[in-house]
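Dear colleague,

I am sending you the structure that we agreed to discuss. Please open it beside this message, and then read the notes that follow.

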Amino acid sequence: MNHPALPPGMYDLDDAVQTILQSPPAGTPTALLESLAAAAERARLGLPAQVYLAAVEQAQMAISITDRDANVLYANPAFSRVTGYDLADVVGKNESMLSDRCTPKAVYRALWETIVRGEAWTGRLVNRRKDGSRYLAELVVAPVVDAAGTVRHYLGMHRDITEMHRLEQQTRNQKALIESVIDAAPLVMALLDEQGRVVLDNLSYKTLAADMGGREPAALFLEAVRERLGGEFERYRSRGRGFEDIEVHFDPGRGRAPRAFVCSGTWFRERDTSADAFFEARSRDYLLLAVKEITELKRRQEEARLHTLRTLTAEQERLQSVRETIGAAIYQLQMPFNLLVAASAMIERRAKSCSAEEARPIRAVLDLALRNGREALATLEASLPRPQYEALARVNLNQTLREALGLVTERLLANGVVVDWQPAPVLPPLLGRENALRGLLKQLLDNAIEALAEVPAQRREITITTAADNGWLRVVIEDRGPGIPDELRIKVFEPFFTTKHRSGHTGMGLVLVQEVVNDHAGTFELGSAAAGGCRVTLALPLHSDTVGHDHE
Ligand code: FAD
């Protein structure tokens with residue numbers, strides 16, 4: 001090292017230390033030599049001891065250095081600012097003077113057990129300032145060891161975290177308050193993240209999830225809402241716009257009552273709290289789902305609706321039976337009438353070979369019969385009741401099926417028929433004619449009940465399943481009756497063909513079913529059920545432009 005020349009009698013400290021370290025005077029304590037070596041090393045690195053002192057003096061944290069019994073040897077100005085004690089007040093006193101005496105003994109025990117092992121301790125305790133006021137201190141106590149690893153001093157660093165703790169507690173209290181309000185709310189509530197995962201839910205939600213046998217209710221609600229809003233859902237979402245009171249039906253099947261809900265959603269944007277987002281603000285979107293169960297209300301509404309439907313169906317059936325009877329009469333009359341037309345043509349031809357006189361009376365009678373016949377047919381055709389006009393509407397096929405089942409409940413009970421109802425939990429709505437579809441489904445159920453009357457009581461079961469796939473709704477109705485023989489599968493669609501020659505059967509049921517299916521651009525198949533009996537598969541397109549146009 002190069003040093004400027006020193007005046008005689010004065011020595012450069014570094015040189016002096018180097019000289020002592022190179023040839024220590026006899027009897028110099030090892031500890032002193034070690035301290036001098038450490039000081040020399042620090043000096044070599046370029047940081048004089050004063051810098052360390054200045055750093056501690058100017059630190060914003062309360063710093064104190066104690067002996068091994070926690071008696072204060074040094075405290076920095078920040079210590080005075082935090083505690084209110086001047087240096088003179090604390091030097092020589094134990095750190096316990098800061099204790100408010102309400103910190104549990106176990107905390108101090110843990111502190112001392114840690115630091116005497118030579119390890120640092122961090123924790124929170126309640127301190128009291130000189131003026132008697134309390135504050136919450138976050139304290140770090142680090143042992144200062146000598147070269148031999150023996151603890152010589154303790155370094156205490158603490159800061160007042162009263163305000164931070166207050167804010168933390170306030171946040172916790174608010175969270176607890178919100179959670180208890182949400183739990184107590186008579187609403188099913190769930191907070192979903194951007195992937196649709198439930199990040200927070202309430203008691204009602206948990207109960208509903210348990211009732212749904214492991215299916216995630218939020219996923220079902222979201223699916224139904226997306227189905228209902230279509231493309232609007234994503235558009236609303238990008239604008240942070242929620243949705244309100246969307247009705248969702250959930251059908252658990254297996255004999256359990258269907259459930260109805262109204263569902264509302266509110267988007268909520270949370271700022272990312274992670275360190276990565278400190279300088280670059282990021283946010284996450286959450287959806288708060290609030291769902292109210294309206295099953296009981298719906299049940300009452302449906303009871304009233306079923307009552308109306310029964311009247312409506314009875315009237316529809318009465319009209320239908322009038323149409324069928326008149327239709328059958330027209331059909332029956334058409335045959336002899338056609339014979340008359342043929343006979344008249346024959347007589348016309350023969351008239352050329354016999355005298356006009358001879359043919360005249362017979363022709364007159366035939367003309368009269370033809371005229372009367374035409375009039376009778378025209379009168380009958382005019383008296384055919386017109387099919388009732390029905391507008392297109394959004395139809396929930398599960399509900400329409402339930403209504404059709406409601407309409408045949410008495411027949412099911414009277415015939416001891418068991419229904420295995422396996423609906424899709426959520427079905428997208430179909431654009432169709434609700435009454436016609438209900439009539440169609442009732443007709444299929446009536447047919448199945450009729451077929452089951454012919455088999456022993458233990459086989460009287462109807463299985464109904466609904467599903468939605470690839471833009472189609474499918475309804476499968478299977479019975480365990482005698483089934484339809486292969487050779488009759490086409491014939492049963494002919495008007496007035498029936499395998500049931502009992503009163504009340506005109507053989508028009510499947511013809512009408514086919515009419516309604518055609519009107520909805522659907523398909524309808526008759527096959528054999530796995531367990532014997534008849535299997536009817538009805539498929540209706542969800543978004544079809546081909547559904548019969550409204551009658552003007
Ligand atoms: P004490 O009798 O002081 O101690 C309680 C228990 O600690 C005893 O039962 C014993 O098991 C153990 N213990 C105490 N002294 C020793 C020791 N020398 N060696 C081994 N075990 C021991 N306390 C505060 O309340 N606020 C502070 O800000 C604070 N800062 C501290 C800073 C430093 C650097 C250190 C070393 C200690 C600090 N303490 C602080 C702890 C303080 O010294 C007291 O231990 C504490 O306040 C409890 O005081 P007391 O009189 O109730 O019991």
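**The surroundings of the ligand**

In this model, which is predicted, the ligand is surrounded by 21 residues, and the closest are Arg-101, Lys-105, Tyr-108, Trp-112 and Asn-127. By type, the residues of this shell divide into 10 nonpolar, 6 polar and 5 charged.

Which element gives the most to the shell around the ligand? Helix H6 does, with 5 residues. At least two residues of the shell come from each of H6, strand E3 (121–128), strand E4 (134–145) and E5.

Several polar side-chain atoms can be located beside the ligand. One belongs to Arg-101 and lies 2.8 Å from an oxygen atom of the ligand. Lys-105 places a polar side-chain atom 3.1 Å from an oxygen atom of the ligand, while for Glu-95 the partner is a nitrogen atom of the ligand, at 3.4 Å. Taken alone, the ligand exposes 920 Å², and the protein buries 75% of that.

**Two residues with positive phi**

Arg-101 deserves a second look for its backbone. Its phi is near 70°, a positive value in a residue other than glycine. Arg-101 is found in the loop between helix H5 (87–90) and H6. Is Arg-101 buried or exposed? With a relative accessible area of 61%, Arg-101 is exposed, because the value is over 50%.

Ala-70 also has a phi near 70°, again a positive value in a residue other than glycine. Ala-70 belongs to the loop between strand E1 (62–66) and strand E2 (72–75). The relative accessibility of Ala-70 is 7%, so Ala-70 counts as buried, the limit being under 20%.

**Aromatic rings**

The structure holds 5 aromatic pairs. A pair of aromatic rings is described by the distance of the centres and the angle of the planes.

One pair is formed by Trp-112 and Tyr-154. The ring centres of Trp-112 and Tyr-154 are 5.8 Å apart and the planes stand at 85°; the pair is therefore edge-to-face, as that angle is over 60 degrees. Trp-112 lies in helix H6 (residues 105–116) and Tyr-154 lies in strand E5 (residues 151–160), so the pair ties together parts that are 42 residues apart in sequence. Trp-112 is partly exposed, with a relative accessible area of 32%, whereas Tyr-154 is buried at 5%. Trp-112 is also listed among the closest residues to the ligand.

Why is the pair of Phe-268 and Tyr-286 called tilted? The centres of the two rings are 6.0 Å apart and the planes are at 35°, an angle that is neither under 30 degrees nor over 60, so the pair counts as tilted. This pair links distant parts of the chain: Phe-268 is in strand E9 (residues 259–271) and Tyr-286 in strand E10 (residues 283–293), 18 residues apart. Phe-268 is partly exposed, with a relative accessible area of 40%, and Tyr-286 counts as buried at 11% relative accessibility.

Two further findings concern aromatic residues. Phe-233, Phe-243 and Trp-267 form one aromatic cluster. In addition, the charged end of Arg-241 sits over the ring of Tyr-236, at 4.0 Å from the ring centre.

With kind regards

Terms used:
Residues numbered from 1 in each chain as written. Predicted model: local features only at pLDDT ≥ 70, side-chain atom pairs only at ≥ 80, totals over all residues. Heavy atoms only, no water. Phe/Tyr/Trp six-rings, centres within 6.5 Å; stacked < 30°, edge-to-face > 60°. Helix = DSSP H or I, 4+ residues; strand = E, 2+ residues; numbered from the N terminus. Buried < 20%, exposed > 50% of the residue type's maximum accessible area, 1.4 Å probe, protein only. Lys NZ or Arg CZ within 6 Å of the ring centre and 35° of its normal. Near = heavy atom within 4 Å. Polar contact = N/O pair within 3.5 Å; in protein donor to acceptor, adjacent residues only side chain to side chain. Areas by Shrake-Rupley, 256 points an atom, 1.4 Å probe, with all protein chains shown as cover. Nonpolar A, V, L, I, M, F, W, Y, C, P; charged D, E, K, R; others polar.
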